[in-house]
Amino acid sequence: MNKTTNWVGQNLTLTIDKVAHGGIFVARHDGRVVFVSHVLPGEKVKAVVYEDRGGSFCRAEPTEIIEASPDRVKHFWKQAGPGGAGGAEFGHITLARQRELKADVLEEALDRMAGIKLRPVVEAAPGDDEVNGLGYRTRVQLHVDEAGTVGPYRERSHDVVKVRDLPLAVDEIRELEFQNKNFQDVKKIEVAVSSTGQVQWKIDKKLKGDERLIERASGRTFRISGGGFWQVHKKAAEVLTGAVNEMIAAVGIDLEADNLDLYGGVGLFTGTIAAKFGKELRMTSVESFKVATEDATLNLADLPRVKAVCSATERFLNERVGNLDKGGKVASPRNSTIVLDPPRAGAGAKVVNQLLAISPAHIVYVACDPVALARDLKPLLAGGYELKALRAFDLFPHTHHVEAVASLVRKN
């Protein structure tokens, strides 16, 4: 093989081997790895190379499916697929197979990065199978080009794709039909709806519609200011809080301990833990985004022993660890339960080391990226924690994304 040859533009005949992290698939050609989108394991395809920076791999997209997988279906969204609208990269795959592929990625990440031999079942959100995983998104971001066309970006580009419908969005968003309207001198439109009926949208950061969204989850009400974070899938908050509370119930919780809810957002986990285990819960919700912290303060106001703190998680934990090192008074840190829901990049080494220094009795880790989760689990397991449970959820059907919740208990 001539390693200096650039393959861009070549149409290769490939047999697809397996799925990889990020929603792409692996094939091999002349000793190199070819990452191919919009295919399935076992398929024989022709694929044109669109990126080749040299080295051991390049990237391609299919031009012809020579031998199709039995799990291939007609894409539900005409404007998506190779070279089309982004955000539905698994739309050509049956839902059941999508979940198997997500389990493959999670299983491999856990094994390769943390030495954990485990294949979780990726569970469907309630009702998704009945509607083929459509109509679940309560948050949608659309872009506007110079001609006023509104739509999603074309995958791998900032070109706006003209679409007639948004089939992954809930009906309330579809009925607004922003994608069928013309806008001038606008760059971005963000739309959000709540489970209780409010509709809110931002046109280049100018808020329209309801000022606050009101959400319900696991027995609590939450108010979210414009632009505040909430789970995308209409059932996600209920599913994730249910899983977290189930794992806490299995281990037990000391309501008097210095319990923490890290990356706490608007107080979702703190509030629903209190609803499940009692309003006498002592817990601190830690969130770096000021508006979300203000929402959390309002949402948790009826809980006398709960507080919301606006701080970066790492800085907050640094202070906690410093207090422990100085013998400062911190309520029962070793009996505590810590819930964390970090961004896609994961908690990272510094936060994990701080957790190990605090040494809580129970850590519940909510993850939106399997590789970041596995990377963070490795030092936690080496530092004296046991993985008691791990559940995975398909909260982004027709994409490669998968959510997981892990329960880690201190061994001594």
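The pockets, two helices and one sheet of this structure are described below. The model is predicted.

Two pockets were examined. The largest has a volume of about 1200 Å³. Its lining comprises 46 residues. Gly 86, Gly 87, Arg 137, Gln 141 and His 401 lie nearest the centre of this pocket. By residue class, the lining of the largest pocket divides into 22 nonpolar, 15 polar and nine charged residues. Several strands contribute to this lining. At least two residues each come from β8 (139-144), β10 (188-193), β11 (199-203) and β14 (220-225). The largest share belongs to β8, which supplies five residues.

The second largest pocket holds about 510 Å³ of space. It is lined by 21 residues. Nearest its centre are Phe 229, Gln 231, Tyr 263, Asp 341 and Pro 342. The lining of the second largest pocket consists of 13 nonpolar, four polar and four charged residues.

Strands β8, β10 and β11, which line the largest pocket, also belong to an open sheet of five strands. The strand order is β9-β8-β10-β11-β12, with antiparallel pairing. The edges are occupied by β9 (150-151) and β12 (206-209). Each edge strand has a single partner, so one side of each is left without a neighbour in the sheet. Strands of a sheet pair through backbone hydrogen bonds, either parallel or antiparallel. Four bridges join β11 and β12 in the antiparallel sense. Within this pairing, Trp 201 has Lys 208 of β12 as its bridge partner.

Burial was then assessed for two helices. Helix α4 spans residues 268-277. Seven of its ten residues are buried, so α4 is largely enclosed by the rest of the structure. The buried residues of α4 are Leu 268, Phe 269, Thr 270, Gly 271, Thr 272, Ile 273 and Ala 274. Just after α4, Gly 278 adopts a positive phi of about 125°.

Helix α5 covers residues 290-299. Here Ala 292, Thr 293, Asp 295, Ala 296 and Asn 299 are buried. These residues lie on the same side of α5, because they cover an arc of only 160° around the axis. An α-helix has 3.6 residues a turn, so residues three or four places apart point the same way. The buried residues of α5 are covered by elements that include β13 (212-217), β14, β16 (283-287) and β17 (306-310). Of these, β14 also supplies at least two residues to the lining of the largest pocket.

Conventions. Residues are numbered from 1 along each chain as its sequence is written. This is a predicted model: local features need pLDDT of at least 70, side-chain atom pairs count only at pLDDT 80 or more; totals for chains, interfaces and linings use all residues. Side-chain values use heavy atoms; hydrogens and water are left out. On a 1 Å grid over the protein atoms alone, a cavity is a set of points where a 1.4 Å probe fits but cannot get out, and a pocket is an open set with protein on both sides within 12 Å along at least five of seven lines; lining residues have an atom within 4 Å of a point. Grid points are joined across faces, edges and corners, and a volume is the space filled by probe spheres set on the points. Ala, Val, Leu, Ile, Met, Phe, Trp, Tyr, Cys and Pro count as nonpolar, Asp, Glu, Lys and Arg as charged, and the others, Gly among them, as polar. Buried means under 20% relative accessible area, exposed over 50%, partly exposed in between (1.4 Å probe, protein chains only). The arc is that of the directions from the helix axis to the C-beta atoms. Contact means heavy atoms within 4.5 Å. Two strands pair if DSSP finds at least two bridges between them.
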